[in-house]
Structure formats: structure tokens, C-alpha cells
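Here is a friendly walk through a two-chain model, written for someone who likes cut-offs stated alongside the values. Please keep the viewer open as you read.

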Amino acid sequence: MTGNGNKIGAVAVVGGGIAGVQSALDLADMGFKVYLIEKTPAIGGIMAMLDKTFPTNDCSMCILSPKLVDCSRHQNIEIMTYSEVKSIEGEAGNFSVTVHKKPRYVDIEKCTSCNDCVDVCPISMPNEFEKGLSERKAIYKYYPQAIPNAYVIDKEGDDEHRACINCMMCVKACKVGAIDHDQVPEDIELNVGAVILSMGAQPFDPSVKKELGYGRYPNVITSMEFERILSASGPYQGKILRPGDMKEPRKIAWIQCVGSRDWQVDREYCSSMCCMYTAKEAVIAKEHNPEIEPTIFYIDIRSFGKDFDKYVDRAKNVHGIKYVRSKISEILEDKGSKDLILRYEDEAGELHEERFDMVVLSIGLGMTEGKKETMQKLGVEVNDFGFAYSNQENPVALVKPGIFMAGSFLEPQAIPESVMQASAAAAQVGALLREARGTLATPRPVYKERDISGEEPRIGVFLCHCGTNIGGKVDIPSVVEHTKSLDNVVFADENIYTCSEDTQKRIVDAIKEHGLNRVIVAACTPRTHEPLFKKSLAEAGLNPHLLEMTNIREHCSWVHEDGEQATWKAKELIAMTVAKSRHLEPIPTSTVEVTQKAMVIGGGVGGMTTALSLAGQGFDTMLVERKEALGGRLNDIRFTVEGIDVPKLLSNLKSKLEGEEKVTVLTGSKVTSISGYVGNYEAKIDTPDGEVEYTHGVVVITVGADEHIPSSYGYGTDERVVTQSQIEDYLAEAKPEEIALGETFVFIQCVESREGERNYCSRVCCMGAIKNALRIKELNPRAEVFVLYRDLMTYGFWERFYKQARGLGIVFMQYDVGRKPEVEFGEKVSVKVWEPLLQEEVELEADHLVLSSGMAADPNHDELAKMLKVPLNEDGFFLEAHVKLRPVDFSTRGVFLAGCCHGPKFIGETIYQAQAAAARAATLLANPSLEAEPNIAVVDVDMCSGCKTCISLCPYNAIVSVTEEIDGVEVTHADINEGLCQGCGTCVAACPSGAIDQRGFKDDQILAMIRALGACVPGGGE
Amino acid sequence: MEGLILVKDGDIASGCNELFKTFLTSGKLEAILVSQETPNGKMAFPALISDPEKLRSNILSPILPVSEASEISRMTINKGSDKPVGVVIRPCQVRALTEIVKLNQANLENIVVISMDCPGTMDVNTFSNLPEGKVPTDIIMDHLLKGTDIDQYLRSSCRTCKDPVPMNADITIGLFGVDLGSGFLVQAHTESGERLLEGVKLEAYKGEREKAIAKVRGGKDAKREAFISSKKEIKGIEAIADFYDKCVNCHNCMNACPICYCKECIFHSSVFDSDANKYVHRAKNKGIMKMPDGALLFHITRMNHMILSCVECGLCEQACPSNIPLMDLLIPVAENAQRELDYYPGKDPDEKLPMVVFREDEYRSVGEK
């Protein structure tokens, strides 16, 4: 074992779901070697199984897939699938991790993913990725877009199904010899400096709840199964059918909280995401088939996240989804029709019996016994709910130093929280292994490039049979002949698999031998193999951008029945690519210098944490706070229930900042201007000691939010009416004797919230009320406490405090937004509220009326948003680049956010989000220069009319208008920043003057393709 | 600020000219851009005048040979004026100016926009070839005073004018709802307009201007609607080709258009250049190919680029040497496209061009589901 001075610059990330993938990418970008260890044959986790994601209805696979591909391409990430961690030994900085790798029986390096083996395999078994709704072969790919994109042989099977019978048909069918039935399991020792556990949690198996009939009634399915049914690549190709008889269901019921908030199955927590995914599933189902009538049976609608309330409102009001507040205790089946009968009591206490064609059980997440054993084996401390124990002051750190965790392994949660925790864990690894950063990372190889300027195009074309995938349909030899006849083509050849390792060598040799200066690979989609071929060009001394690909598989052999037609189309497409190739030019790799320093705006818990995390990772940071003192909202919070000692937390953070020489704190200061772009920002800061200028590479916004000051229910006119913060202040100091027997406190939730102008949930107020209610009961158990709520948002493990409160006799009364409580002021504060179960108005005589008014964004944010050119949402909170997968990034590269300015949240949540922002910022700061996107847009200054249309449209704020003197005349034109442009092409399409061209897609290149079209058949043409 | 300026013998044109002179002599304006008749009286062109003695404007002269907005763009595109300059332009040109300012092609710094109630303009040829004894200004005055129908003289886009009353001018010269026998109305809408009118003797105005404007607008709207509904739908590439049949590819329409602003039109660049073999190859496609080949693509591209900002000034049609009735197609297309995107070009200087506004919930019917 080595000491502190010898930390290992490698990290084991255990679990290849979205959390693991995010940690791996962040760490790899920071300069660490990453082993991404996944139990199943492919990375992607649960997110890969989802059809769409809320609240944007993005296709889940479409947004996840690029991240998976990035993982597989990253030179610093080694993906280990079909592998499990057996043990973790050692200490922070130097661990020995033993990984048990199951035999896949397929050589991933050789497998070309051609599917020939699957075609011949005689064994069919249930497809676990499709939740058994369809079948797969014994040799199979985990899912169509699987990374690694390779097959695996199932030799285990299960009790009912026989697996591989060693018939060796696949061995015969495989033309590249990728199949090896003699593979054996192996244990691999990894030496790493840190470990991140993101092993997730399992969807609940509802068959244990016999009364719901899952497993007995074919038309009762789980929400996971429904996700697969919705998916276009799912078992029914996206058609909504009920598994019992493949009929199209019309009436579908969703039942919430199956395996959540349920003591009977020992799961007394909320799974946090089910309310929202159910709303999404119902909305998407209706989009698939407007005839479908969804009904959702629920206890509370926990729409506590950003823009969730608006989504649920749309589901109800625009899509006509029916919501019924009722707990379903039993499902019956009509034996003949296999329809399902639900009996329920509605809010008015009336009994109903309703027939549905299909019932979807909204299952939550939990830890299986097997998982709990693994956790024990790895030394992970477990909480009351079987999840990993987590300390709210640093939620992603395990008790054992050097081991971190993220995602639903910690607590059931949705994608953005998982992604933030994954980045937060990466930030802490970055700080722990700071000295070892870059020691084990693979530097990008540098090749010497041949100058081709002035050369006539000499084009080489490599055509791929892809086994029989292309060659079985397209007459490749005739396409080769035709290709050879095209001008400038000096070499054309065919290969069984162009992507195989030996073909790469042939490409390199052919480039050298024939003096090729353009290369075309006519094979499959560029999505997976383009980087491989580009690398071959680079090795041969050609600029990699002199490569073009033609897709003659997906666009020809796979989509056309008629071989002759497919062959003709392949010729046409290759002729077009040849035409484009003649116009290709080398694209130089340009870089942007990075000032490796950060500025953090806002000195609350988010800002302080971000600054400390950045400094811990080795980056100089300026922390700017508008007020005289650091701390933000921490100064107002007096006590918590989750075990955070707030005053101590604040003083700890302050003293750490004082001791951290890499952080400069400016209080009573305001950023007055920021100019520049990623890597090169210039800020001017007004401080009590005059103006300070600061040069830095990234900006993190952590400006927080405040309690909304209400104006209803007599607030401000009657002093018995107070806000949550005010009652907290009082209770923090109150002595037990100050609270009288029978003294009555009434809390009203959602005051001026979740409706009208502030139509969002503030996430923290339900717990705020419960926290204060518990304190009252602690001071005097015989005080009376009533909480009037709309939906109680005690998501996740907060649920336990709700239960505790009810146990102590705190009365929770639900009210509807259409029938709000009414208040009259007399000797007591009289609160009248409609009680739906009693069907009558109840009058409460309160001594104190406490209003939960939620949080509001500071209107001053607008100024900062304009300064940094980043967006706010309609509620005034900063709007991240992508609500699911980029929760702390802005579209503008180099600007990040964390904390309540992103949306209301708890202290623990702000802490990990702040660490996440620091991690994302570190991925940029870790390198002295950034490589710019090659295919960026370029402005022709002579053509540009300076109309600024492109500037308004650029999603990355990469374009500015500049005025300069050209030949004695002042000319205004657009200027594209190479560091910010992501090559999306929006400006190119929008420019009416045709003054913007995109490298690799220039007008002359595209027009040459169009003109070449139709050249192959007489009479064909434009 | 508003009021009447009295004139002798109902000579509105001279009255206005005198007013403009005072702007120059008082030093409030460094120069003024205003339409001025050529010495033979057969034409009028915008002229930038700094010497009050050279000022012989006639705002009633019913002609708009070139886009006034384009001339302001020419003057200010690279840099705004250091000293105040007045521009006297027609309502359609104020709308065009508003659009090209949004497109960053003109700079209104120190530009004072003076516009007028517009009775309409004549085609260049109509104007210069009026029968013996017919004086353009008299025809207009006759119409303003007695309501004579003068549609036979007007350009088609003036007959169906989208709005003959200016919006977004600093000063309006009011002719509608005014007793033109005694004088004309001036209204200042902005500070710079008021500064210009300071010290000018104004009489109280008591007419019913709003009512008069409503009547004029109502008449024009009715004609415009009738015009649009009388146009047959031109559908399909064959019908569009037929419409532009007479085009000689001179690109005059583009040059005359105040909205077309590209420094170099893409159709003048080498982007579409080809070689003989390719031409022959394309000819083989259908056995025949019309030359020059780009006319139709040019018109469709031009329409695509300018239609949302089209203010219907009709200068393209006036410039066409082949007399293609361009507005027959442009007005209905503009009307539909602008209504679809809820955009009225030239109306609100602060409203963004539809092109630069992205609304996520827009056109969901055609987007990704």
C-alpha cells in the first residue's frame, strides 16, 4: 500500500446507468482513467428502456445514445460489461477492486454487429430488456442501440427456459470468427484511486401484491412494461396493445404508489418519479392513439420538480387525462373479456365500479435482497430503507473515504438528480485525486499531416459487404466497377468488413501506395464507425476530415426489397459522395486557450460549496457575494429535521473558505460586467474597495432564491399570520412553557403557489411545515397542529417525517385549489376549510396561521441573465441546457448553475448540485486549451449584410456582430466564435445572403452532390 | 403636438415646402431628403437638399420612382448621421424603413422621419405620359377635395394600399379629414418631431380626422380584399413557371425592393455556376432546358426571403420591364404568410421579425411528434 503521495489517477465507476455514464464522462474529461463496470451486457441502465422523458417529452434513447457513444469513444474510458465488482480493498487514493467478468462468448473487438449469428440461432427465450413481452435468441444484442454494439451468448437460461445448446451454428455463421464458446469467467484486479458506486435500484416486482393480479391477469402490466410498449423499438413497434390478446385498449388505468409509500411491502418511502412518468405515459399514450382514455388513481400528485406542475396541468386540461384521488385496493378480472374491474371511492366518498381494458401499475424503485447482500459485501452502510446511507451535508460521499455514490443507489430519483449526483461524485474524486490527474490518461495521439494543397483529388473508395448485410442484397462487385469509372477515383476495393482491424491497415497502406488524398468508406452509418476510419486517415498522414462515408446498408440493402434497385441506389449515392469528396478540404484543428480559473456568483451554500470544490480540484476561484455576509438562506434557516446543523454547516463552510488560499471571497460586491467567452472571460466587479477586474475561464451562477412574501390570508394586516420562516424563527427560541395546552397552529400550504402567476411547486414547503409542526409537538405534545395541503410533497425518504407527523397527531387536511380555505379574524383566527371525506365545511379556531408561500426568484436575475446571455424560465429561474441530461450546464459553453436559482430545493440537493457544477466546470478548466469543433460555421465577410438574423438564432450564443474598417469603410458583419460554435448549422440555413458556410457541408460540396444525382441511369437527373 | 398650418390659395405643396425650408434655415435640420421634380416636370426623384434655396419639393406629386427607404439605407448603413437629417417619405416607405432597421440595414440615429397621408402614386410611365393638360398634382388635389375616383391613374399596389396613413413617423402631414382649402395638419409624435415643430405657427385643428382616416382605410381594405379574392390560386410548379413566363432575369425587382438587402445576391455569386457537361446532362433529363435556367428559383428564393417583411409598396412591379403583375402573387402570399405568423411588417419597431423568433409550441402538427 502506498501513502498519500502516491495516489492512483484511475477511477472505478460501478454501474453503467445514466449516473455511471455521467461520472465516467466527467472524470475522463478531467483527465482520469475510468473503468466503467456494468453488470448487464450493455451500458444504459433503466434510462435506455424508457420511451420518452418528462417534462419535455424527449425521446429517451435519442438523448442518451450520444452519451453512450461518447463513453465508448473516449480514450480514457474502458467499458467492462457483463462484469460485477467482487471486492474493494485499500484506502482512499489507492484501492484494489476485483471485477468478476462473465464470459460473453463473443469477442467484442471482432464482432461487427452484422446479426448473422442471430439469424441462425435456434434457441428463443424471453427478452429481459423488453420485460418478457417479446423473445430473443440465445445469442443476442441487449438492445438495438447497445453499447458495446456486440452480441452475447446466454448459456445460463432460467428455470423455465433452456439457453445455448452449443450447436455451434453461430460459429459457422460468423465470418469474422468473433464467437468463442471456450471463454471462461475471469477475475480482473483494478488499481484505482477512488470508486463511485452508481448501481441503481430495481423496479418493484408487484407480483407480491396478490390483490393487484399482476402475473395472473395478462392485462395488468407494470409501468416499465408500458414504457417498452410505447417505444418504437419495443415489442409491439410502438403500437399500444394489451398483452393478453393484442387488442388496442381504449380505457387504461394507472395505479400510483405500487411498491411505494406502502408498509405492507416494507417500503415506506416515495419513489419520487412515478407521478411524473405516469403523467407522461398517459400523455404519450393519448398522442399514439387519441381514442385512449387514461385515468390515473393517486394519493398525492408529487409534481415537485421544475416545470412539473405545468406538465400535470397540461395533462389534465389539454390532454384530458382523468385524475382520481383514490387508493385502489383490489383489481378484479372479467374472465371472459379479460377486462379489469376497479372499485373505488371518489373524493366525495361515492363508490364506483369501472371497467378498464388495461391497468398499468406505477411501480417504484427499491433494493432487492441480492443488491443488499452486494452492498454488505462492499462495505456500504445501509439506511432504514435498504438504500445506501447518505449524509445530507455531503450526500454523495460514503462513510468510507474515497468511495462515492450517485443515482438511485442513494434514493429513488429521476434522471436530473442522478446526473447531478454523478457529476458531484466526479468533483469529489477530482479533488481527492488532484495530484494524480492526467497521470494515467491517454493523451490524444498526434500524427504528422501531409500537405495536399495543389494536388488533384485522388479518391480511394472502400466498399463494405458487412458480411451478407450489404453484400447479400447489393451487387458490390458491380458497384466497385462503376465507382472506378468515376472521375478522380484512383482506387476502389471491397472488403467483407471494412471496420475490422486488418482492413484499417489496408486503408492506411492504400492511402500511402496510391497517394490518396480523399477517402470514402461506403458501408454503414457514420454514427458508430466514422471515428475509427478518421483515425486510420490520421495514421496515414491525411487530415481526418478528408473522409466521407456513404451509408449503403441502412439506406440501401436494409430498406430495399429489390437487389437491383438497391445496387443502383448504392451507385448513385457513391457517385454523389465522390462529387462531394472532390470539394473536401483539410480542416485544421483549432484550439481555444483556457484561463484555468473560475468565478462563482452568489455566496450562499451553493456558491460556497462550488468554490470549495473547484479549489479542492486545484483551480483558483473568485467568489462574489452581493451581501455583506456569506451564507445566503443558511442565515435564515434555524433548524432542520434531516440532521443538518445549519449554523455549524455555515461556520464550517466559512472557515474552510478562509483556510483555502485558492479562493478569493468578495462580499458586498457586485459583478457589473462580463465579456468574453469560454476559457476567456473578463469581469468587472464593484467592491467596497473599488473596482476589481478578473480574468477567468468559466462562470458558475449560484444566486439562490428567497421566500415569497405573501399578500393573502391577512398576511401583513394581522400579526397572527406569519410565514414559515417567521414561525421557524419563533420556534427556534421558544421555550416549552410558551406553548399552551391546546394552542392551535394552522398551516396553509401552496399559498400563492402552484397556480396563477407562480404556477410551480417550491419543493421545500411541505417539509418546512412538517418540520415546524414536529417542533411544536416536541415543545408541547398537546398543542394542536393542522396542515391544510393540496398534495403533500414528501418525496423520497422525506415520507418518513410525514408518517412521524401523523403518528404524533398532526392533522393533515387536503383541500382543492378551487375551494381554498377561508379566513376570518376575530378573537381567534377562524379558518374554514371544505373537508371532502366528511363532505362539509370544518372550522378551525387558530392562534397562529402559518403560510407556506414558497420561494420566488429574484427579479434582478434578469440583469445577470442578459450579461451572460443565458435564459430564464417563465418563473424567473435560470434555465439549464437540458432539464434531464445537462442540469447544471447552460447551452452557452463555460457557464454553469447550481442551487435555488435553478429552482427551489433542499440544502442537501443544493450541495450536490453545486459540486456537480464544479465538476462540469472542471472538465473545461482541467485542460490548458480546448479543441474547437471542426465542422463549425464560417462567415464570408464580403457577403455578410450584418442583419444579425444569425445572432438571434444561434442556440450557443456563438455569434456576435462586429464593426471594423475594411478598405476605409466601416463594415458591420457577423463573427463566429470558434470556441463556442458547435456546428449545428442553424445560422447557415438562416442566412438569407448565403454568407455563412459550414465546414464539411459547404454549399459547393452539397450542390456537387445534388448535381451528381441521377448520373448513373440514363434519363435520371435533377 | 398638432395643429393646422394655413396656406394661401389652397397651395398645400408650397405650404409644405415653406415648412421644410424653415427646418433648414433654422438650423434644426442639416439636410432634408425629399421628393423633388426634375426641371422638365416629367419626373420626380428623392433629393438630399442642404441649401434652402434649392428646395422645390412637391409632396403631392404622385410618384415614387425608387424606394426612399432604400436611399436612407444607402446613406446610413455603415454609420448613422452626426447631425439631424429629415426624410420626407410615404407611409409604405416608413414601414419598409422600420423593417430594414430591424434587419440592421439602416440607422435612424439623427434621422427625423416625416411622412404624410398618402393619396397614392402613379406608375413612372403613366406619370410622364399624362394626356395634354392633365397635371399630376391637380389630379391628386381634385381627388382629395372632391373625392374623384383616380384609380385609373394609380399603381395597382396604391389602389389596394395596405395602409395610406403613416405609423412610426416623427411627424405626420395630415391631409385626410382636413379642410385643404385653408391648410394642412401637422402632428408631432415624438420628441424629435416636437423639436422640429417648435416655433412653427399652428392653428387649432377641429376636424374629424379619425373618422376620415377610417373611411379611407375602409375603402382601401375593401379593394385589397376584393383584389386578393379575385386572384386565382397559383398552385404547382407549372402554374408558377407560367406566372413568371415573361421574366428576362434582369433582377430589377430585386434592386427596386426596399427589403431585399443582401450585399451580393446569391444569384450573382458563383454558387450556382456549372459547366457545359452538367448543362447537357441536365438538358438530357427532360430533353429540353430553358435558358437562362435560374429565373424561377430566383423568384421563389426572393419571395421566401422577403415576404414576411413585404410592405406591398409595389416598386418591384413598377420596375419590371416585362410588365409581370408581380403584386398579383406577392400580395396574396404576403397576406397569408404574415397572418399565419401574426406579423404586420412596419407596425411595431420593437416586435421581432418572425424569422428570429423560435416558439417551441409552434407548428407542432408538422414537427417531430
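In chain B, the centres of domain 1 and domain 2, taken over C-alpha atoms, are separated by 29 Å. Domain 1 of chain B covers 2–223 and domain 2 of chain B covers 236–356, with bounds that come from an automatic or database domain assignment. This is a predicted model, where local features need pLDDT of at least 70, side-chain atom pairs count only at pLDDT 80 or more, and totals for chains, interfaces and linings use all residues. Residues are numbered from 1 along each chain as its sequence is written, while chains are lettered from A and ligands numbered from 1 in the order in which they are written.

**Where the parts meet**

The contact between the two domains of chain B takes 26 residues from domain 1 and 19 residues from domain 2; two residues are in contact if their C-beta atoms, placed from the backbone, lie within 7 Å. On the side of domain 1 of chain B that touches domain 2, helix H2 (68–76), helix H3 (91–102) and helix H6 (156–159) of chain B each supply at least two residues. The largest share there, 10 residues, comes from H3(B). Helices (H or I, at least four residues) and strands (E, at least two) are DSSP runs, numbered from the N terminus.

Between the chains, 23 residues of chain A are in contact with 21 residues of chain B. Helix H22 (949–953), strand E51 (969–976) and helix H24 (1003–1012) of chain A each give two or more residues to the chain A side, and E51(A) brings the largest share, 4 residues.

The table sets out both sides by class; Ala, Val, Leu, Ile, Met, Phe, Trp, Tyr, Cys and Pro count as nonpolar, Asp, Glu, Lys and Arg as charged, and the others, Gly among them, as polar.

| Side | Nonpolar | Polar | Charged |
|---|---|---|---|
| Domain 1 of chain B, touching domain 2 of chain B | 11 residues | 9 residues | 6 residues |
| Chain A, touching chain B | 9 residues | 8 residues | 6 residues |

**A covered strand in chain B**

Is strand E7 (residues 183–188) of chain B mostly covered or uncovered? It is mostly covered, with 5 of its 6 residues buried; buried means that 20 or more other C-beta atoms, placed from the backbone, lie within 10 Å of the residue's own. Strand E1 (residues 2–6) of chain B runs antiparallel to E7(B), joined by 5 bridges. Strand E6 (residues 171–174) of chain B is also antiparallel to E7(B), through 4 bridges. Gln187(B) in E7(B) is the bridge partner of Glu2(B), and Thr172(B) stands opposite Gln187(B) as well.

**Chain A and one of its sheets**

Chain A has 24 helices and 52 strands. Its radius of gyration, over C-alpha atoms, is 31 Å, close to the 31 Å that the globule rule gives for 1022 residues, so chain A is as compact as a globular protein of that length; the rule is 2.2 Å times the number of residues to the power 0.38. Buried residues make up 52% of the 1022 residues in chain A.

In chain A, 5 strands form an open, parallel sheet in the order E15-E22-E16-E17-E18, where strands pair if DSSP finds at least two bridges between them. Strand E15 (220–222) and strand E18 (322–325) of chain A stand at the edges with a single partner strand each, so one side of each is left without a neighbour in the sheet. Strand E16 (residues 251–258) and strand E17 (residues 293–298) of chain A pair over 5 bridges, and Ala253(A) stands opposite Thr295(A) in E17(A).

Definitions and conventions. A residue is buried if 20 or more other C-beta atoms lie within 10 Å of its own, exposed if 12 or fewer, and partly exposed in between; C-beta atoms are placed from the backbone.
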